[in-house]
There are 2 protein chains.
Amino acid sequence: MKNINIRELALELNLSVSTVSKALNDSYEISEETKRRVLETAARLNYVPNPYASSLRGRKSKNIGVVIPEVADSFFSLAINGIESVAKEKGYHVLICLTHESFENERTILKEFQGGRVDGVLLSVSRETTQCNHISDLIANGLPLVFFDRACDNVETAKITTDDFESAYKATAHLIQQNCDQIAFLSISKSLSISNKRLEGYLQALSDYQIKVDQKYIIHCSNDAEQNYLLIKKLLQQKNKPNGIIASVEKLTTPVYMACEALKLKVPKDVKIVCFSNLETAAILNPSLTTITQPAFEMGKTAATLLFRALENRNFSLIKEDFIIPSTLVVRGSTSH
Amino acid sequence: MKNINIRELALELNLSVSTVSKALNDSYEISEETKRRVLETAARLNYVPNPYASSLRGRKSKNIGVVIPEVADSFFSLAINGIESVAKEKGYHVLICLTHESFENERTILKEFQGGRVDGVLLSVSRETTQCNHISDLIANGLPLVFFDRACDNVETAKITTDDFESAYKATAHLIQQNCDQIAFLSISKSLSISNKRLEGYLQALSDYQIKVDQKYIIHCSNDAEQNYLLIKKLLQQKNKPNGIIASVEKLTTPVYMACEALKLKVPKDVKIVCFSNLETAAILNPSLTTITQPAFEMGKTAATLLFRALENRNFSLIKEDFIIPSTLVVRGSTSH
DNA sequence: TTTATTTACGAAACCGTATTCGCTATAAAT
DNA sequence: ATTTATAGCGAATACGGTTTCGTAAATAAA
């Protein structure tokens, strides 16, 4: 049951290697009868082509790279499903690379991609990424790249995002309508565009509703769960503690709830909470969580579709363009009863 | 900024291709001075080696394949992190392939691996997998493979699992001690070994505590979320409805909670619930969820470590062997107050 | 001084597949 | 009958690295 190569397959068939290769690739040069024979024998001898040889010769890998900060996250894992659904249809493989929110990892991964490992890239940048030369370099090198969710504004390519400003605005307005007047905003990065857009939406809503901005309500979280928990706890322990919280990212949900519980704060009575989150369990939390639900699967799917358009049409190139798929505010128990 | 190959690099350096290759691979044949020059020029010209050329020539891909049913699942995404932590250290890449619980997908993926795409495989089989020839074939072909979590019993290789029988037993005993006498067990597959071992642990506990087994309390769920919800709802609507539920897999958590809420059943008063789950949000559910928490990261890490031992030592081969890492019963609000 | 060994490098073969180009035999067109 | 076109196949080359083997010069051993 050892694996055979095309040469041995050709030998068995009394055909040349080139004929077999063409038959396997359904070339018009080969007769139907021969194709049938080749396919039949290939199946019988359990022939599986070596993808590296094909990639080397064909100068394309049939792989797309997906670079994301983290896989243990509902948004990203759902986005992967969206991406994969398209890739599979196109006969491509998905190479998932994790940066773990580290800029250095991100740069290393993209650098490696220059060697030809992938034909195109879908990228959601790390929270540390402030400067984008490593991305521009890759594009200049001829690799098509599409951002999804977390983009760099000064890179000339397409991005798929959600309406971060508007949805943060909606979330904030919702809290205000629920009588919150001291609303905290939990950010995960000072540089990330989505984080900043969400922050701006929050600020705009405060302004529109004539609520004064208080810097002590704007918390910049880190990538350390324990530290974030302490930060949030501290926020909720000050004398003018907030009566509303917007968490700009899913992973802050648990520390926020934990902090409220530790401090015996009742949600939504004492504090109301909205999270940007795709958690399936949002509906069964204690209390159920009001969320901004992002169209994760759709975003992944759209990003992949766009990337493949660039891969398939050599005369179609990715221009700087925004595709915005709206999020949904789902009101649940953490902001009402 | 176009990518260059080793030939052009050699030309620039006035060296032969072989010398450059050896220098890049830190061969003892090359002087320190030359290595320095090569490395410096390679960096300056932004040389990135083509991985497919290396793989083809070296007959190894520096990739390991991870085949799992689903990525949008806490257990698997944490396991991926464990696997990746080892792979990264060894300079390997992780190729994540999703079966979406389909046997056909699983077979196709493993078949492709025979072409040499990966040097080794970590596999958690789909819920549909009852027959394992596609796996044995792969191993017979020379590819080392380690199971993690979901294994096939009749394949000659190592497996990393958790103590499914014992933890299901513990969960059941815990429910009994909390005065449950009508305990339902939610399975996801009739063939999956983990599902069956958990079922056996449940049955053994019932037997040891002299509780009669009632087949109507053993529910075989499907892969369809909506259908599972209806199934569970039906379970909870019968006249002798259970007062305890064990969900053998994380994804059943939400439908169970939803069904209880829809039927106005109080947890834990009317029904007590235990889930096999790695959900980070278990502690903040309504009520907080008693879980069997699997050592997901550890299992991934151990499986990867074992696989690499087989990859690195040609005289070490994977024998049929069980490595069992225990799960933890974490008692929370869904089974007590 | 002669011989053996070591150091540092280059030429060429090789990994498995795809593609270009050329060839033959047959069919079609003139 | 002659030319042209076409269908079907094979030889050879290319893809970009790695590795084997050979060799010249430098050094060590005799």
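This is a walk through a predicted model, starting with one protein chain, moving on to the chain contact and the DNA, and ending with a few backbone details.

Let us begin with the overall build of chain A. Its secondary structure comes to twelve helices and twelve strands. The radius of gyration of chain A is 25 Å, well over the 20 Å that the globule rule gives for 337 residues, so chain A is more spread out than a compact globule. If you turn the C-alpha trace of chain A along its principal axes, you will find that it spans about 85 × 40 × 30 Å.

Next, look at where the two protein chains touch. Chain A brings 45 residues to this contact, and chain B brings 44. On the chain B side, the elements that give two or more residues are helix H4 (51-58), helix H5 (74-90), strand E2 (93-98), helix H6 (103-117), helix H7 (133-140) and helix H11 (253-262). Sorted by class, the chain B side that touches chain A has 21 nonpolar, 16 polar and seven charged residues.

Now for the DNA. Around DNA strand D there are 27 residues, and those that come nearest are Ser16(A), Ser18(A), Thr19(A), Ile6(B) and Ser18(B). The elements giving two or more residues to this surface are helix H2 (17-24) and helix H4 (51-58) of chain A, along with helix H2 (17-24) and H4 of chain B. Its residues divide into ten nonpolar, twelve polar and five charged.

DNA strand C is surrounded by 28 residues, the closest being Asn5(A), Ile6(A), Ser18(A), Ser18(B) and Thr19(B). Here the elements that give two or more residues are helix H1 (6-13), H2 and H4 of chain A, plus H2 and H4 of chain B. The surface near DNA strand C has ten nonpolar, twelve polar and six charged residues.

Helix H2 of chain B, which helps to form both of these surfaces, also has a helix partner within its own chain. The axes of H2(B) and helix H3 (residues 32-44) of chain B come within 9 Å and cross at roughly 90°. H2(B) and H3(B) are therefore roughly perpendicular to each other. From H2(B), the contact uses Thr19(B), Val20(B), Ala23(B) and Leu24(B), while H3(B) offers Thr34(B), Lys35(B), Val38(B) and Ala42(B). Five of the residues in this contact are nonpolar, two are polar and one is charged. Notice Thr19(B), which is part of this helix contact and is also listed among the closest residues to DNA strand C.

Another helix pair is worth a visit in chain A. Helix H5 (residues 74-89) and helix H12 (residues 296-312) of chain A pack at an angle of about 40°, with their axes 7 Å apart. That angle makes H5(A) oblique to H12(A). The crossing of the two helices is right-handed. On the H5(A) side, the residues in contact include Phe75(A), Leu78(A), Ile80(A), Ile83(A) and Val86(A), and among those they meet in H12(A) are Phe297(A), Met299(A), Ala303(A) and Phe308(A). The residues of this contact divide into 13 nonpolar, five polar and two charged.

In chain B you can find H5 and H12 meeting as well. The axes of H5(B) and helix H12 (residues 296-312) of chain B come within 7 Å and cross at roughly 35°, and this crossing is right-handed. The residues of H5(B) that take part include Phe75(B), Leu78(B), Gly82(B) and Lys90(B), which belong to a group facing residues of H12(B) such as Glu298(B), Lys301(B) and Phe308(B). By class, the contact of H5(B) with H12(B) has 13 nonpolar, five polar and three charged residues.

Finally, some backbone details deserve a closer look. Asn286(A) and Pro287(A) are joined by a cis peptide bond, with omega about -5°. Pro287(A) lies in the loop between strand E9 (272-276) and strand E10 (290-293) of chain A. In chain B, a cis peptide bond joins Asn286(B) and Pro287(B), with omega about -5°, and Pro287(B) sits in the loop between strand E9 (272-276) and strand E10 (290-293) of that chain. One more stop is Lys62(A), whose phi is near 60°, a positive value in a residue other than glycine. You will find Lys62(A) in the loop between H4 and strand E1 (63-68) of chain A.

Note on methods:
Residues numbered from 1 in each chain as written. Chains lettered and ligands numbered in written order. Predicted model: local features only at pLDDT ≥ 70, side-chain atom pairs only at ≥ 80, totals over all residues. Axes fitted to C-alpha atoms, helices over the stretch in contact; angles between N-to-C directions. Helix = DSSP H or I, 4+ residues; strand = E, 2+ residues; numbered from the N terminus. Parallel < 35°, antiparallel > 145°, perpendicular 65-115°, else oblique. Left-handed = near helix turned anticlockwise from the far one by under 90°. Contact = placed C-beta atoms within 7 Å. Nonpolar A, V, L, I, M, F, W, Y, C, P; charged D, E, K, R; others polar. Near = placed C-beta within 6 Å. Rg over C-alpha atoms; globule rule 2.2 N^0.38 Å.
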